[in-house]
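Trainee: Before we discuss this fold, could you show me the sequence and the model, so that I can follow your reasoning residue by residue?

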Amino acid sequence: MSKDEFFHACASSYLTWSPAGLGWDCYRHYESIACGSIPVINYPWIRMAHPFVDREHVFYYDAADRESLSQTIKRALENKHRLLEMTQKARDYILKHHTHTAILRYILETIRSIN
């Protein structure tokens, strides 16, 4: 799937499956939110400075549980109005905490607080 096809698919979907690939934190999580779709992500194994909140910004599932992904998706799709609200909340969150500028600001503030 090309990048444009991916963006179009996300923009026309309530949810985007975004499992870990070579690493847990990837652009796919952020791109799907920017396109207006909520990512469905396996639970992280990394510590994030500003982690997503389950059922507020994203939906997490347990990759070790064979039923978890389908159950998570079914629950998420029960309230589509809530998904639209989540989309805006998630977009605001990534703009506040996960842009290059926001990450640089966080790093500089952390360094300043050490001294």
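The questions and answers below concern the sheet, the helices and the core of this predicted model.

Trainee: In what order do the three strands of the open sheet lie, and which of them are the edge strands?

Mentor: The pairing in this open sheet of three strands is parallel, and the order is E1-E2-E3. From one strand to the next, the twist averages 25°. An edge strand pairs on one side only, and that description fits strand E1 (15–17) and strand E3 (59–61).

Trainee: Over how many bridges do E1 and E2 pair, and which residue in E2 does Thr-16 stand opposite?

Mentor: Strand E2 covers residues 38–42, and its pairing with E1 is in the parallel sense, over three bridges. Within this pair of strands, the residue that Thr-16 faces in E2 is Pro-39.

Trainee: Which helix lies across E1, E2 and E3, and at about what angle does it run to E3?

Mentor: The helix that lies across these strands is H3, which spans residues 68–76. Taken against E3, the direction of H3 is at about 155°.

Trainee: Which element gives the most residues to the largest nonpolar core?

Mentor: That core has 19 residues, and those with the most contacts inside it are Leu-15, Ile-38, Phe-52 and Phe-59. At least two residues each are supplied by helix H2 (27–34), E2, E3 and helix H4 (80–97). The element that gives the most, with five residues, is H4.

Trainee: Why are H2 and H4 described as oblique to each other?

Mentor: Their axes come within 9 Å and cross at roughly 125°, and H2 passes H4 in a left-handed crossing. The contact joins Tyr-30, Ile-33 and Ala-34 of H2 to Ala-90, Arg-91 and Ile-94 of H4. Because angles over 145 degrees count as roughly antiparallel and those from 65 to 115 as roughly perpendicular, the crossing of H2 and H4 is therefore classed as oblique.

Trainee: Is Met-86 buried or exposed, and what is its relative accessible area?

Mentor: Met-86 has its place in helix H4, and it touches Ile-38, Arg-55, Glu-56, His-57, Val-58 and Phe-59, leaving aside residues up to four places away in sequence. Its C-alpha atom is separated by 7.9 Å from that of Val-58, although the two residues are 28 residues apart along the chain. Since buried means under 20% relative accessible area, Met-86 counts as buried, with a value of 4%.

Methods. Residues are numbered from 1 along each chain as its sequence is written. This is a predicted model: local features need pLDDT of at least 70, side-chain atom pairs count only at pLDDT 80 or more; totals for chains, interfaces and linings use all residues. Side-chain values use heavy atoms; hydrogens and water are left out. Two strands pair if DSSP finds at least two bridges between them. Helices (H or I, at least four residues) and strands (E, at least two) are DSSP runs, numbered from the N terminus. Axes are lines fitted to C-alpha atoms, for helices over the stretch in contact, and angles run from 0 to 180 degrees between N-to-C directions. Contact means heavy atoms within 4.5 Å. A nonpolar core is a set of buried Ala, Val, Leu, Ile, Met, Phe, Trp, Tyr and Cys residues joined through side-chain atoms within 4.5 Å. Buried means under 20% relative accessible area, exposed over 50%, partly exposed in between (1.4 Å probe, protein chains only). Angles under 35 degrees count as roughly parallel, over 145 as roughly antiparallel, 65 to 115 as roughly perpendicular and the rest as oblique. A crossing is left-handed if the near helix is turned anticlockwise from the far one by less than a right angle, and right-handed if clockwise.
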